[in-house]
Amino acid sequence: MQEIVDIRSIEAIEELRTALLRLREETQAAVVAARQAAQAEREWLIERQRHWQHRVTRLAEELVEAEAALARCRSGRRTAGSDGCRTIADWTERTRRALWEAEGELRNVRHWRSIVDERVAGFERRARVVTRELTRRVPLAATELSHLVDLLERYAAP
């Protein structure tokens, strides 16, 4: 007994094949874009870390200078209640506060850089798996679908 198969959707199989290939291209492009965005963020954080490290170094040097100037001023002034060193004391305090704030910013940038580096590493691991699978399996699936279409077209041919 001969079985009859009603073949009406060869086009749907071809559309599936095309959609799979498009998915691979779009996913690979999205992975590249995500990698570029992550790298831009990492570079920005590295620049910010350099900036705050430089500021901390400069302010630490300035604080040493201000404290030395304050000590010289105070040692040269023996009169009680003298306000002659007030300007230098204010400078010292402003510098100390600015240094404290800059150190906080540096800690914050290091913290976020660590988090971003960790997340980017995780993304990279997953992106490699996705890219490998797309590169390996989608072409195989597309080839199988092409063979299926060929087979069905031969079967359906009068």
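# Close-up views of a two-helix chain

**Figure 1. The whole chain in outline.** A compact globule of 158 residues would have a radius of gyration near 15 Å, whereas this protein chain has 34 Å. The model is predicted. Along the principal axes, the C-alpha atoms fill a box of roughly 120 × 20 × 20 Å. The protein chain holds 2 helices and 0 strands. Helix α1 covers residues 10-76. Helix α2 covers residues 86-156.

**Figure 2. Surface, contacts and charge across the chain.** Of the 158 residues in the protein chain, 21% are buried. The chain exposes about 11800 Å². Carbon and sulfur atoms supply 55% of that area. Among contacts with a separation of 6 or more, 85% join residues 24 or more positions apart. The chain carries 29 positive and 27 negative charges. The mean positions of these two sets are 10 Å apart.

**Figure 3. The largest nonpolar core.** This core has 10 residues in all. They are Leu 45, Trp 52, Val 56, Leu 59, Leu 63, Ala 98, Leu 99, Ala 102, Leu 106 and Val 109. Helices α1 and α2 each give two or more residues to this core. Another core, of 5 residues, lies apart from it. Its members include Ile 10, Ile 13, Leu 145 and Leu 152. In soluble globular proteins, nonpolar side chains tend to be buried together.

**Figure 4. Leu 106 and its partners.** Leu 106 belongs to the largest nonpolar core. Which residues does Leu 106 touch, not counting those up to four places away in sequence? They are Gln 49, Trp 52, Gln 53 and Val 56. Of these partners, Trp 52 and Val 56 are also listed in the largest core.

**Figure 5. Thr 95 in helix α2.** Thr 95 lies in helix α2. Is Thr 95 buried or exposed? Thr 95 counts as buried because its relative accessible area is 3%, under the 20% cut-off. Leaving aside neighbours within four places in sequence, Thr 95 is in contact with Leu 59, Glu 62 and Leu 63. Leu 59 and Leu 63 are members of the largest nonpolar core.

**Figure 6. Gln 28 in helix α1.** Gln 28 has its place in helix α1. With a relative accessible area of 27%, Gln 28 is partly exposed. Which residues does Gln 28 touch, not counting those up to four places away in sequence? The partners are Thr 131, Leu 134 and Thr 135. Gln 28 and Leu 134 are 106 residues apart along the chain. Their C-alpha atoms are separated by 8.2 Å.

**Figure 7. Ala 141 in helix α2.** Ala 141 is found in helix α2. This residue is partly exposed, and its relative accessible area is 28%. Ala 141 and Arg 17 are 124 residues apart in sequence. In space, the C-alpha to C-alpha distance between Ala 141 and Arg 17 is 7.7 Å.

**Figure 8. Ala 68 in helix α1.** Ala 68 sits in helix α1. Ala 68 is classed as partly exposed because its relative accessible area is 32%, and that class lies between 20% and 50%. How many residues separate Ala 68 and Ala 19 in sequence? The two are 49 residues apart. In space they are 73 Å apart, C-alpha to C-alpha.

Terms used:
Residues numbered from 1 in each chain as written. Predicted model: local features only at pLDDT ≥ 70, side-chain atom pairs only at ≥ 80, totals over all residues. Heavy atoms only, no water. Helix = DSSP H or I, 4+ residues; strand = E, 2+ residues; numbered from the N terminus. Buried < 20%, exposed > 50% of the residue type's maximum accessible area, 1.4 Å probe, protein only. Contact = heavy atoms within 4.5 Å. Rg over C-alpha atoms; globule rule 2.2 N^0.38 Å. Areas by Shrake-Rupley, 256 points an atom, 1.4 Å probe, with all protein chains shown as cover. Lys, Arg positive; Asp, Glu negative; His and termini not counted. Charge placed at Lys NZ, Arg CZ, Asp CG, Glu CD. Core = buried A, V, L, I, M, F, W, Y, C linked by side-chain atoms within 4.5 Å.
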